[in-house]
Amino acid sequence: MKNIVILLLLVCCSSIITGKGKRILNNQNKIPNRLIDYDKFQKTVNSSAQERETKRLTEEEFLKMISEKDVILLDARSESRYKLRHIQGAINLPFTEFTKESLAQIIPNFDTKILIYCNNNFEGSPQAFAAKSPGASLNLSTFVSLKVYGYTNIYELGPLLDVEKTKLPFEGSEIH
């Protein structure tokens with residue numbers, strides 16, 4: 001009996017010790033915040049993964065879609081990087097500025113065709129297109145956020161392109 005009590009104490013203590021100050025989450029001790037919904041974010045990521053892959057475009061497909069009527073070419077990079085170099089005709093709304101209202105101002109209809117690109121689509125212009133860690137690519141966050149806000153027709157530039165060799169037209173202060 002004494003050995004069982006010692007064993008139980010060791011198990012309880014080891015879980016406390018190995019926790020090293022980490023909060024063990026369960027439904028009773030989650031910190032509530034009605035404006036943060038990780039579960040919805042995660043569900044959106046998981047449910048749209050396959051769709052996103054089918055909506056990644058080649059350079060040629062992207063060029064063709066840019067010229068279509070009622071298409072929004074969205075650049076979600078910072079304003080300073082956008083000003084240096086962006087695809088001609090792109091509208092800048094930095095990702096950090098995404099709200100229901102700011103998105104509705106530039107994309108009023110949820111079924112509007114939206115084309116996105118990011119830093120990780122271009123090389124050869126490290127100031128304007130500073131590469132991010134692949135898992136933190138802005139295209140990923142932008143796609144998921146647009147889905148969460150209700151947009152349904154999102155397409156993404158797929159390849160990594162050299163700014164000197166791409167057929168996509170650029171404008172901005174970095175262009176000579």
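Here is a short walk through the salt bridges of this structure. The model you are looking at is a predicted one, and a search through all of it turns up 11 salt bridges. Let's visit a few of them.

A good place to start is the pair Glu 51 and Lys 55. Their side chains come together in a salt bridge, with 3.3 Å from N to O. How exposed is each partner? Glu 51 has a relative accessibility of 24%, so Glu 51 counts as partly exposed. Lys 55 has a relative accessible area of 13%, and because buried means under 20%, Lys 55 is buried. This salt bridge therefore joins a partly exposed residue, Glu 51, to a buried one, Lys 55.

Now move on to Arg 56, whose salt-bridge partner is Glu 53; their closest N and O atoms lie 3.2 Å apart. Arg 56 is partly exposed at 29% relative accessibility, and Glu 53 is partly exposed too, with a relative accessible area of 44%. There is a bigger picture to trace here: Arg 56 and Glu 53 belong to a network of salt bridges that also links Arg 52 and Glu 156. Try finding these four residues, Arg 52, Glu 53, Arg 56 and Glu 156, in the structure above and following the links between them.

Our last stop is Asp 75 and Arg 77. Here the side chains meet in a salt bridge with an N to O distance of 2.8 Å. Are these two residues buried or exposed? Both Asp 75 and Arg 77 are buried.

Conventions: Residues are numbered from 1 along each chain as its sequence is written. This is a predicted model: local features need pLDDT of at least 70, side-chain atom pairs count only at pLDDT 80 or more; totals for chains, interfaces and linings use all residues. Side-chain values use heavy atoms; hydrogens and water are left out. Buried means under 20% relative accessible area, exposed over 50%, partly exposed in between (1.4 Å probe, protein chains only).
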